Amino acid sequence: MAIRYLKRGKDAAAISEADAKVRATVEAIVADIEKRGDEAVREYSRKFDNWDPSEFRLSQAQIEQAIGRLSAREIEDIRFAQKQIRNFARIQRESMTDVEVETMPGVVLGHRHIPVNAVGCYVPGGKYPMIASAHMSVLTAKVAGVKRIVSTAPPFQGEPHPAIVAAMHFAGADEILALGGVQAVAAMAIGTKAIAPVDMLVGPGNMFVAEAKRQLFGRVGIDLFAGPTETLVIADDSVDAEMCAVDLLGQAEHGPTSPAILLTDSEALARETIAEVDRQLGILPTADIARVSWAEHGEVIVCDTREELLAKADELAFEHVQVMTRDPDFFLRNMTNYGALFLGPRTNVSFGDKVIGTNHTLPTRRNARYTGGLWVGKFLKTCTYQRVTTDAASTLVGEYCSRLCHMENFAGHGEQANLRVRRYGDRGEVPWYQPVPALD
């Protein structure tokens, strides 16, 4: 039997039309902020968030006041999550070593991992206070060695969210802003009188924030091109419909455009999961959002073999891939396109999102075909250098370089090589703007 869909989502044309409207809106806001700076930032903050404080940057007293509103238990929970994330980020950083090697006599090549100087970290917080995003971006940048970290989140119910502020502060943010949306990322990227520009933007956000990062890419670096949260559950009949449904809806609640897909080789499990999703939507507190997401973007796909499951999963290239099969390591060994894998029923996407230690900023919209997610290495520039230490090495490399430059008709490039052959070799006069002849 062929791969078959028991449930399909919205077609791509409708999604593309919505994307076009977002692009136009963001383009206008970015252009306005570039033209009018802080005045425009403040107007958009009033318009979209009803937020107009005297200063968007929080003072030390405001930070301490926010932390003081949390219970000891809440603070301990934040610190526990940050301990896990910091530990794994440090392990990752330690795996990246600087290199220097003599590749041939007199030629030394190397690279250094150099942190980006200034990073802007966006933390979503308008609808859901995404406390974990502060850990994932600010803390990881700190471990990488970034000198200046600006972290911002929109107000939550009319004020900075105390747990987000605490998470930013504990993670090591140098500047904390209460500012959200396109106006926040544009201000950090472009720079205003009140907000100095950064070199890189990271962190998740809604479709407008994601589009703003896309449009600003090139002016600044970004972590990745992001879309709505995606989750793929690969399951066989070793698990039940309740677990599949919980794990699908647990991510569908992110937003009404978040795809959640069940991929299985058990048609019985597929049908039971569809029924269980309907049942859970009757009791889920966030069902108003999850129901739309499931109706318009949820899918249930049935395959006959695990090889078909693998091929379809790699084709989808989803952000989160939860594998609940008898042999989850089959997918670890063989899958090539995913943001993060969650192997076995004892783990789940929520663990990775919030606390376990891996980063939750991951590629969406099939971008996992060519990139992984945010990690300490994203904040590091791997920069190479070279050193030629002997006359013989400079002459030898120069001879080859001269001839290769002239193959490409780059006479000026070739003369850079020729000059070294003249200065450091014993070939005698080398004609200007001619390839150095080989001594055969």
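This report covers salt bridges, two residues of interest, and the spaces inside a predicted model.

Residues are numbered from 1 along each chain as its sequence is written, and side-chain values use heavy atoms, without hydrogens or water. Because the model is predicted, local features need pLDDT of at least 70 and side-chain atom pairs count only at pLDDT 80 or more, while totals for chains, interfaces and linings use all residues.

**Salt bridges**

The whole structure holds 28 salt bridges (a side-chain nitrogen of Lys or Arg within 4 Å of a carboxyl oxygen of Asp or Glu). Three of them are listed here.

| Pair | Closest N to O |
|---|---|
| Asp32 and Arg36 | 2.8 Å |
| Arg36 and Glu39 | 3.4 Å |
| Arg422 and Glu429 | 3.6 Å |

Arg422 is buried at 18% relative accessibility (buried is under 20% relative accessible area, exposed over 50%, partly exposed in between, with a 1.4 Å probe and protein chains only). Its partner Glu429 is exposed at 63%. Elsewhere, shared partners join Arg4, Glu267, Arg271 and Asp304 into one salt-bridge network.

Asp32 and Arg36 both sit in helix α1, four residues apart, about one turn (helices are DSSP runs of H or I, at least four residues; strands are runs of E, at least two; both are numbered from the N terminus). Asp32 counts as buried because its relative accessible area is 16%. Arg36 is partly exposed at 27%, and Glu39 is partly exposed at 49%.

**Asp314**

Asp314 belongs to helix α12 (residues 306-316). What is the nearest side chain of opposite charge to Asp314? That is Arg366, 9.1 Å away; Asp314 is buried and has no salt bridge. (Lys and Arg count as positive, Asp and Glu as negative; His and chain ends are not counted.) The Asp314 side chain does reach the backbone nitrogen of Thr336, at 3.0 Å.

**Met96**

Met96 lies in the loop between α4 (72-94) and β2 (99-104). Met96 counts as buried because its relative accessibility is 15%. Its C-alpha atom is 9.7 Å from that of Thr382, 286 residues apart along the chain.

**Pocket and cavity**

The pocket and cavity search used a 1 Å grid over the protein atoms alone: a cavity is a set of points where a 1.4 Å probe fits but cannot get out, a pocket is an open set with protein on both sides within 12 Å along at least five of seven lines, and lining residues have an atom within 4 Å of a point. Grid points are joined across faces, edges and corners, and a volume is the space filled by probe spheres set on the points.

The largest pocket holds about 960 Å³. Its lining has 39 residues, with Pro124, Gly205, Asn206, Met207 and His254 nearest the centre. The largest cavity is about 50 Å³. Helix α6 (162-171) and strand β6 (175-178) each give at least two residues to the lining of that cavity.

Notes
A polar contact is a pair of N or O atoms within 3.5 Å; within protein, one must be able to donate a hydrogen and the other to accept it, and residues adjacent in sequence count only if both atoms are side-chain atoms.
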